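Here's a friendly walk through one protein model. Have a look at the sequence and the 3D view first, then read on.

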Amino acid sequence: MSEPLLSVHGLVTTFHSDDGVVHAVNGVSFDVHPGETLGVVGESGSGKSVTMLSLVRLIPQPSGRIEAGIARFHTDDGSVDLLDLSEEDVGAIRGGEIGFVFQDPATSLNPVMTVGRQVTESLRHHRRLRRRAARAEAVDLLRSVGIADPENRFDDYPHQLSGGIRQRVVIAIALAGNPSLIIADEPTTALDVTVQAQIMELMKKLQAERGLAIIWVSHDLAVVAGVADRVLVLYGGTVVETAPVDELFANPQHPYTRALLAAVPSPDAAAERPAPIPGTPPGFSEEPASCPFADRCRHVFDRCRLQRPGLTEIGPNHGVACFWNVGDDRLRHDVPVVASREYVP
Ligand SMILES: Nc1ncnc2c1ncn2[C@@H]1O[C@H](COP(=O)(O)OP(=O)(O)OP(=O)(O)O)[C@@H](O)[C@H]1O
Ligand SMILES: [Mg+2]
């Protein structure tokens, strides 16, 4: 496989308040290769957005803090650690070589600036284009994201456009920086199903045309199944499983991944309610020295409450962080321990 475009190792991000410390992201590692789509799934509060915001250093201040980690990113000028760059250098990459598409296009666009001008400003800022060249390029970009009659849409304000068209504008702005990576955090969640499918198709088309890598964050496994090459499953601020998409769906190994898949309504049982995963996600108020899923896991045993399992390779590109081998109901003995209080087997 090619060298990774982005290689994240041991990312830890916390939030500090008078009530204590929240470990929102607790040792997350993953790679993204050029041109691939990495799907990131996990229920609400699992740390998906905080992971993505950490990478481009947009963690809410002053409570948020990146405590540890490396995020090596390859740029045209060589490789950099995103977590160690100056504010100015990370600002040039953000919206430039790394583009963003967030859930709600209404909040990512400036309501008092025409959409054409917003694309143009990004082109002038990141590509140093002059006014006239930027305008021509902006019209081309708006057309390339499937906006009909872009010359006439150019002077529209965001509120004059539908949610789907606004999200296309956000994508055009992301493309204006000529990115090699787009981070899309729930980009279709606020849209209705038909528009959601159109945006998914658009992103796939742009990816094929431009060789973009995409990190696609979603709590919806059906969306991830439709777009991702590989999947990262987050739970309680940690990676509990990662695998190529077909392998993950065919052969899920972590009890949480299995529960997540079981909760997806099957197409032929559309009327049935999905089975909920019992219990609530952890509160992460302290550095966890146990499996974050222990309290909700049907396979839990004493070790899971005293040590935190690290990711173990169990097949080609397939990693799982679990002491229990759900496939054949046995302990795994080769699991690295990330944090430990005590455990004597
Ligand atoms: N500004 C903040 N201050 C304190 N805690 C925060 C802040 N932002 C996020 N958190 C905490 O960090 C954890 C991870 O949140 P995050 O937003 O990354 O979840 P998520 O996986 O993106 O969820 P969702 O699917 O709802 O978007 C949560 O426990 C959340 O409460
Ligand atoms: Mg989120």
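Which residue follows α4, and what is the sign of its phi? R128 does, and its phi is positive, near 55 degrees.

## Before we start

This is a predicted model, where local features need pLDDT of at least 70 and side-chain atom pairs count only at pLDDT 80 or more, while totals for chains, interfaces and linings use all residues. Residues are numbered from 1 along each chain as its sequence is written, chains are lettered from A and ligands numbered from 1 in the order in which they are written, and side-chain values use heavy atoms, leaving out hydrogens and water.

## Helix α4

Helices here are DSSP runs (H or I, at least four residues), numbered from the N terminus. Helix α4 covers residues 115-127; at 1.5 Å a residue, its 13 residues should span 18 Å, and its end C-alpha atoms are indeed 18 Å apart. That expected span is 1.5 Å times one less than the number of residues.

Which residues of α4 are buried (under 20% relative accessible area, 1.4 Å probe, protein chains only)? They are V115, G116, Q118, V119, T120, S122 and L123. These buried residues pack against α5 (131-144), α6 (150-153) and α7 (163-176), with contact meaning heavy atoms within 4.5 Å.

## Around ligand 1

Now for the ligand. Of the 12 residues around ligand 1 (a heavy atom within 4 Å), S44, G45, K48, S49 and V50 come nearest. Helix α1 (residues 48-55) gives the largest share of this shell, 3 residues.

Oxygen atoms of ligand 1 also lie close to polar side-chain atoms: 2.5 Å for S44, 2.8 Å for K48 and 2.9 Å for S49.

Notes: Polar contact = N/O pair within 3.5 Å; in protein donor to acceptor, adjacent residues only side chain to side chain. Helix = DSSP H or I, 4+ residues; strand = E, 2+ residues; numbered from the N terminus. Buried < 20%, exposed > 50% of the residue type's maximum accessible area, 1.4 Å probe, protein only.
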